[in-house]
Amino acid sequence: MDPARIVVLAGGVGGAKFVRGLRALVRRTASPAAITVVANTGDDLWLAGLRVTPDLDSLMYALAGVNDDVRGWGRAGESERVSAELAAYGVGWPWFTLGDLDIGTHIARTALLREGLPLSAVVERLSARWPLGVRLLPATDAEVETHVVTAEGELHFEEWWVRTRAALPALGFVQRGVESATAAPGVREAIAAADVVLLAPSNPVVSIGTILGIPGIREALRDTAAPVVGLSPVIGGSVVRGMADACLTAIGVETDAAAIARHYGARSAGGLLDGWLVDETDAAAVDPLRAAGIAARAVPLWMTDDDATAAMADAALRLARR
Ligand code: GDP
Ligand code: CA
């Protein structure tokens, strides 16, 4: 039987590519599944009076088909007039340019938050504009922001990532405000009712790791009857795109597909994973991971287009069925 309820934990750009492929796969199978995406909210921030949610927006724009594929983030056909005005006033971060269309999203979000809606309800309202084909949930409604511990003090993750290009060595990560946070409504329920849970090939530290840090989510994954299968964001010892290696180094994990699987851990040994997909290049990792209790398989893991990504999603669902 094909899984009817699929839950995906996802970060921004990598997560969005994966969910697009999964959605393409589900659309062409005989028995369509319901996809719930639990998105990282640790990169969220207040900027120039606006609540900005980078990963949720990467997911929403990519699933709506209005994202800028060339640049890799934000909206297609974007202009930056408002950001230029803000910079002239010295408001906001001059190195963190928000496009005009994107600012429209942030104004709408901030308006709804100020009316008293929780983030999860705001996400539902904003994403209702487009037929996303998935249910998008923030990991939490609470403002839990990832900060990076450096020799120069703690920086918001986006400042470390965008302004310093992750060049300032990260000594660790903290989730400010996590103690009192809970999972957003629907997150634990979706995991409990899932037929399969997938970990997108997203940043294991500041995307997936941040979601897992929200109290209750890791427990929900341990308790669900659904198999949990992840896809490696690292191929042949490098991160494909971006600077996730700097994050892995900070938490003492090698930039290596098998090392990330061991970091998540085998479910049979108190960890999270039933299964793990590595790229063909990393086929040598399969046997040792199986010996460690993680059903591993090597398949192509390059998300070059929706078809290639759909094949990855298919391999993950097949592994889950075993
Ligand atoms: P972010 O929030 O925008 O940084 O995006 P994510 O956390 O969802 O994903 C970022 C990660 O995706 C990067 O660290 C890469 O390792 C991974 N990634 C990007 N492109 C690919 C790809 O084609 N294949 C695989 N396996 N991983 C990829
Ligand atoms: Ca992100």
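## Helix α2, mostly tucked away

Helix α2 is largely enclosed by the rest of the structure, because 10 of its 11 residues are buried. Buried here means under 20% relative accessible area, with exposed set at over 50% and partly exposed in between (1.4 Å probe, protein chains only). The helices (H or I, at least four residues) and strands (E, at least two) are DSSP runs, numbered from the N terminus. The buried set in α2 is Pro54, Asp55, Leu56, Asp57, Ser58, Leu59, Met60, Tyr61, Ala62 and Leu63. After α2 comes Gly65, with a positive phi near 75°.

Some ground rules before going on. This is a predicted model, where local features need pLDDT of at least 70 and side-chain atom pairs count only at pLDDT 80 or more, while totals for chains, interfaces and linings use all residues. Residues are numbered from 1 along each chain as its sequence is written, chains are lettered from A and ligands numbered from 1 in the order in which they are written, and side-chain values use heavy atoms, leaving out hydrogens and water.

## The calcium site

Helix α2 also has a hand in metal binding: the protein donors of the calcium ion (ligand 2) are Asp43 (OD), Asp55 (OD) and Asp55 (OD), at 2.1 to 2.6 Å from the ion. The pair ties together distant parts of the chain, with Asp43 in the loop between β2 (34–39) and β3 (45–47) and Asp55 in helix α2 (residues 54–64), 12 residues apart. Donors are N, O and S atoms within 2.8 Å of the metal (3.2 Å for Na, K and Ca), and since water is not among the atoms, sites may look incomplete.

Asp43 is buried, at a relative accessible area of 5%, and Asp55 is buried too, at 7%.

## Two nonpolar cores

The largest nonpolar core runs to 59 residues, and those with the most contacts inside it are Leu9, Trp160, Ile217, Leu221, Tyr264 and Trp276. Helix α11 (residues 257–264) gives the most to this core, namely six residues. There is also a second, separate core of 47 residues, which includes Leu56, Met60, Leu63 and Met312. By nonpolar core I mean a set of buried Ala, Val, Leu, Ile, Met, Phe, Trp, Tyr and Cys residues joined through side-chain atoms within 4.5 Å.

Tyr264 keeps plenty of company: setting aside neighbours within four places in sequence, it is in contact with Leu199, Pro204, Ile208, Leu212, Gly271, Leu272, Leu273 and Trp276. Contact means heavy atoms within 4.5 Å.

## Helix α11 up close

Six of the eight residues of α11 are buried, so this helix is largely enclosed by the rest of the structure. They are Ala257, Ala258, Ala259, Ile260, Ala261 and Tyr264. Their cover includes β9 (196–199), α8 (208–213), α10 (244–250), β11 (275–278) and α12 (286–291).

As for the ends, Asp256 caps the N-terminal one, placing a side-chain oxygen 3.1 Å from the backbone nitrogen of Ala258. Just past α11, Gly265 has a positive phi of about 90°.

## Ligand 1 and its surroundings

Ligand 1 is surrounded by 20 residues, and the closest are Ser202, Ser207, Pro233, Val239 and Leu301. The cut-off for being near is one heavy atom within 4 Å. Helix α1 (residues 13–28) gives the most to this shell, with three residues. An oxygen atom of ligand 1 sits 2.8 Å from a polar backbone atom of Val13, and a polar side-chain atom of Ser202 is 2.6 Å from an oxygen atom of the ligand. Ser232 puts a backbone N or O atom 2.8 Å from a nitrogen atom of ligand 1. On its own the ligand has 600 Å² of accessible area, and the protein covers 91% of that.

Pro233, one of those closest residues, lies in the loop between β10 (228–231) and α10. Pro233 is buried, with a relative accessible area of 13%. Not counting residues up to four places away in sequence, Pro233 touches Pro201, Ser202, Pro204, Ser238, Val239, Val240, Ile260 and Trp276.

## Two alanines with positive phi

Most residues other than glycine have a negative phi. Ala48, though not a glycine, has a positive phi of about 50°; this residue is in the loop between β3 and β4 (50–52) and is partly exposed, at 37% relative accessible area. Ala166 has a positive phi near 60°, lies in the loop between α6 (157–163) and β8 (172–176), and is buried at 12%.

Notes:
A polar contact is a pair of N or O atoms within 3.5 Å; within protein, one must be able to donate a hydrogen and the other to accept it, and residues adjacent in sequence count only if both atoms are side-chain atoms. Accessible areas come from the Shrake-Rupley method with a 1.4 Å probe; for residues, only the protein chains shown count as cover.
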